[in-house]
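Please open the model in the viewer and keep the selection tool at hand. The tour proceeds by stops, each with a selection to make and a description of what is found there.

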Amino acid sequence: MRKLSITPKGFLRVAQTAFASLYLIIITGSLVRLTGSGLGCADWPRCSESKFVDVSNSHAAIEQVNRLFTGVVAASVILAVLLSVKLRPKRRDLVAMSIGLVIGVLAQVLLGGLVVLTGLNPFSNIAHFLVSMVLMSNAYMLLQHARIFRTEETVLPRREPEISNSKILLLVRIVLFLTGSAVVTGTVVTGSGPHAGDENAIRIRLAINTAAKIHSITVIICLITALVLFLMSRRDQVSWRILAHPLERFLAIGFLQGLIGYVQYFSGLPVLLVAVHVALSVAVWLGALDLYWNSKLPKIS
Ligand code: HEM
């Protein structure tokens, strides 16, 4: 059998595939919930007691497609591990991050089962969504490391960040924290709202308007902080050179997401708009992570 080998460029493609499949399964997973197909397959890992694969009605078919897509995701992260080991020069950082993806996907398979077996308990749903965000962060880091430190022999070199303005560095961290908080409070809105997976699903005992208020206030504070960061960075030449693009991207997606959030809330949470809101929440989080990553990016000579 031919030996498995890979170039750094080839590995970058593998990392991109893992990233894309992990993002896609968040969207297909949200469509399961939004079409009320959460218990389309009432059993796990089999779809039903009598069938492993069942597409006899639309709910079962939607849930089934999502479960089968898990196979694609699993294959992409296992491939990342196998090929990261084959990379030369050795890249322990890429091996560790690829293993992290496999562990995360395994955790998601188990959590997905817990969601079904607990009858769509909102807290297991929240855990399922938040672990997805952790996985996306891991996949993002894998991509960045694969892209930038292709020729490094060992782990990421820890050199001083180029930005020396401590207030700006602190604000970047605060924006990251507030974005994470917006994501968490968003899952609580979902847990207390109508889109739980099916009409009989248990809800968090919190009025949806209270949850939405907490969520939107977190978002407003986050966006105002990002605007302050934007204005402060403009006055610092080094920071502006590094952060201008990541900040512009973050603010553009953040404001768009905020707008969609309000529109969906005041228009009775239409399924399509909520699906876009879920997909964009991943982009907003990755935007904040990108900001943080760029602020810490070591100088490469
Ligand atoms: C940066 C901006 C925002 C981010 C990152 C964000 C993130 C999220 C997340 C992660 C969820 C949960 C998705 C899930 O559990 O599947 C969510 C749900 C929700 N968000 Fe936001 N959100 C933002 C802005 C807003 C704003 C300004 C509003 C206005 C009230 C809003 C209203 C909602 C509502 C109503 C839901 C529940 C949707 C459902 O029924 O599933 N969001 N958001």
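In which loop is Lys90 found? Select Lys90 and its surroundings: the residue is found in the loop between α2 (58-86) and α3 (92-117). The coordinates belong to a predicted model.

**Stop 1: the loop between α2 and α3**

Display the surface of Lys90. With a relative accessibility of 55%, Lys90 counts as exposed, because the cut-off for that class is over 50%. Next, select Pro89, which is found in the loop between α2 and α3 as well. Inspect the peptide bond that runs from Arg88 to Pro89: this bond is cis, and its omega is near -5°. As a general rule, most peptide bonds are trans. Before leaving the loop, draw a distance from the C-alpha atom of Lys90 to that of Ser233; the separation is 37 Å, for two residues that are 143 apart along the chain.

**Stop 2: helix α1**

Select residues 8-34, which form helix α1. Pro8 is found in this helix. A relative accessible area of 28% makes Pro8 partly exposed. A distance drawn between the C-alpha atoms of Pro8 and Val271 gives 41 Å, and the two residues are 263 apart along the chain.

Now move to Ser30, found in helix α1 too. Is Ser30 buried or exposed? Ser30 has a relative accessible area of 4% and is therefore buried. Show the side chain of Ser30, which reaches the backbone oxygen of Ile27 at a distance of 2.9 Å.

**Stop 3: the disulfide**

Select Cys41 and Cys47 and show them as sticks. A disulfide joins the two, with an S to S distance of 2.1 Å. The count of disulfides in the model is 1. What is the handedness of the disulfide of Cys41 and Cys47? The torsion about the S-S bond is about -85°, so the disulfide is left-handed. Cys41 and Cys47 are both buried. For a further cysteine, select Cys222: its relative accessibility is 4%, and Cys222 therefore counts as buried.

**Stop 4: positive phi values**

Most residues other than glycine have a negative phi. Two leucines are to be selected with that in mind.

- Leu120 is found in the loop between α3 and α4 (122-148). Its phi is near 65°, a positive value. At 2% relative accessibility, Leu120 counts as buried.
- Leu269 is found in the loop between α7 and α8. Its phi is near 55°, likewise a positive value. Leu269 is buried, with 16% relative accessible area.

**Stop 5: the iron atom**

Select the ligand and centre the view on its iron atom. Which protein atoms are the donors of this iron atom? They are NE2 of His215 and NE2 of His277, lying 2.1 Å from the iron. Colouring helices α6 and α8 shows how the pair links distant parts of the chain: His215 is in helix α6 (residues 208-234), His277 is in helix α8 (residues 271-296), and 62 residues separate them.

Why is the arrangement around the iron atom octahedral? The 6 donor atoms subtend angles of 84 to 179°, and this makes the arrangement octahedral. The surface calculation can be compared with the two histidines in turn. His215 counts as buried because its relative accessibility is 16%. His277 counts as buried because its relative accessibility is 14%.

**Stop 6: the shell around the ligand**

Keep the ligand selected and expand to its surroundings. How many residues surround the ligand? There are 23, and the closest are Arg33, Thr190, His215, Gln264 and His277. Three of the contacts can be displayed as dashed lines:

- The side chain of Arg33 places an N or O atom 2.7 Å from an oxygen atom of the ligand.
- The side chain of Thr190 has an N or O atom 3.1 Å from an oxygen atom of the ligand.
- His277 has a polar side-chain atom 2.9 Å from a nitrogen atom of the ligand.

Finally, colour the shell by helix. At least two residues are supplied by each of α5 (166-192), α6, α7 (237-266) and α8. Helix α7 contributes the largest share, 6 residues. Recoloured by class, the shell comprises 10 nonpolar, 12 polar and 1 charged residues.

How values were computed:
Residues numbered from 1 in each chain as written. Predicted model: local features only at pLDDT ≥ 70, side-chain atom pairs only at ≥ 80, totals over all residues. Heavy atoms only, no water. Donors = N, O, S within 2.8 Å, 3.2 Å for Na, K, Ca; no water. Tetrahedral: all angles 85-135°; square planar, octahedral: opposite > 155°, others 65-115°. Helix = DSSP H or I, 4+ residues; strand = E, 2+ residues; numbered from the N terminus. Buried < 20%, exposed > 50% of the residue type's maximum accessible area, 1.4 Å probe, protein only. Near = heavy atom within 4 Å. Polar contact = N/O pair within 3.5 Å; in protein donor to acceptor, adjacent residues only side chain to side chain. Nonpolar A, V, L, I, M, F, W, Y, C, P; charged D, E, K, R; others polar. Disulfide = S-S within 2.5 Å.
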